[in-house]
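Biologist: Before I use the labels on this model, I would like to hear the reasoning behind them. Please take them in turn.

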Amino acid sequence: MAKPNTTAPMRVIEETRAYWRVVFDYPPFNIVDADVFQALQDLLVRMDTTETLRVVVFESAIPDFYLAHFDLTGKIGNIMTAIGSSGLPILMDTFVRLTKSPVVSLAKIRGCVRGVSSEFVLACDMRFASRENTKLGHPELGVGVHPGGGGTERLPHLVGRGRALEIILSANDFDGDSAERYGYVNRALPDLELDVAPNGSAPGCLHFVWSSADVARSPAPHPSRARAWTAA
């Protein structure tokens, strides 16, 4: 039976010993601030030290916002200056540790995913998006800054240099079908088929066999997963 475990501003639901759902639930818009990063840092410790865990799915309780961009009122604390365990500032440290975790991470995307939120899903191992309800993009250049959390490093590995430049320099939103065509996400699915079900328990939905504790954890990330934003 699923066991909810509240960790504001997100909820961790332990569906099984091997499969967790992490639900961003930070009304009204899932704005990314210092509290979100602290919650992610705490979660990463739990993920890496829970030996039975194999897969974590990140999703949102707010239909129109998977995650919004930074809190522009200044509630980002010291994430740009404090140093994490990777030797990088907390912003980059969080995403590097997610990429290098032995736990498989999936982003199940509904709603807006812009800027630092796009950098979060890029750090996940896989991305699956709602065909009807996805807006992915990097609007930073439109307000005079640049992607600073790994977007410029990770995007080219997924979509190629030309399309990465288009995404960043245009500051446009990309819908689910366009994101799939570019390689920004693995697949865009009809919204009703997006939900992830362990071991095929819901026909028609995505399912993955490694959500069993019988499957071995990865002892180390594949080199391509850890290439961007490493401390070396």
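**Reasons for the labels**

Modeller: N30 has a relative accessibility of 1%, so N30 counts as buried, since buried means under 20%. The model is a predicted one.

Biologist: Where is N30 found, and what is notable about the phi of N30?

Modeller: N30 is in the loop between β3 and α1. Phi of N30 is near 55°, a positive value in a residue other than glycine. P28 lies in the loop between β3 (19–24) and α1 as well, and a cis peptide bond with omega of about 5° joins P27 and P28.

Biologist: Why is A171 called partly exposed?

Modeller: The relative accessible area of A171 is 24%. Buried would need under 20% and exposed over 50%, so A171 is partly exposed. A171 lies in the loop between α5 and β8 (173–174), and its phi is positive, about 60°, although A171 is not a glycine.

Biologist: What makes L169 exposed?

Modeller: L169 has 56% relative accessibility and the cut-off for exposed is over 50%, so L169 counts as exposed. L169 lies in helix α5 (residues 161–170). With L141 and L165, L169 makes a nonpolar surface patch of about 260 Å².

Biologist: How does the lining of the largest cavity divide into nonpolar, polar and charged residues?

Modeller: Eight residues of that lining are nonpolar, one is polar and none is charged. The lining includes V32, F37, F95 and S117. Ser is outside the nonpolar and charged sets, so it counts as polar. The largest cavity holds about 50 Å³ of space.

Conventions
Residues are numbered from 1 along each chain as its sequence is written. This is a predicted model: local features need pLDDT of at least 70, side-chain atom pairs count only at pLDDT 80 or more; totals for chains, interfaces and linings use all residues. Side-chain values use heavy atoms; hydrogens and water are left out. On a 1 Å grid over the protein atoms alone, a cavity is a set of points where a 1.4 Å probe fits but cannot get out, and a pocket is an open set with protein on both sides within 12 Å along at least five of seven lines; lining residues have an atom within 4 Å of a point. Grid points are joined across faces, edges and corners, and a volume is the space filled by probe spheres set on the points. Patches are made of residues with over 30% relative accessible area and no salt bridge: like charges are joined within 9 Å, nonpolar side chains (Val, Leu, Ile, Met, Phe, Trp, Tyr) within 5 Å. Accessible areas come from the Shrake-Rupley method with a 1.4 Å probe; for residues, only the protein chains shown count as cover. A salt bridge is a side-chain nitrogen of Lys or Arg within 4 Å of a carboxyl oxygen of Asp or Glu. Helices (H or I, at least four residues) and strands (E, at least two) are DSSP runs, numbered from the N terminus. Buried means under 20% relative accessible area, exposed over 50%, partly exposed in between (1.4 Å probe, protein chains only).
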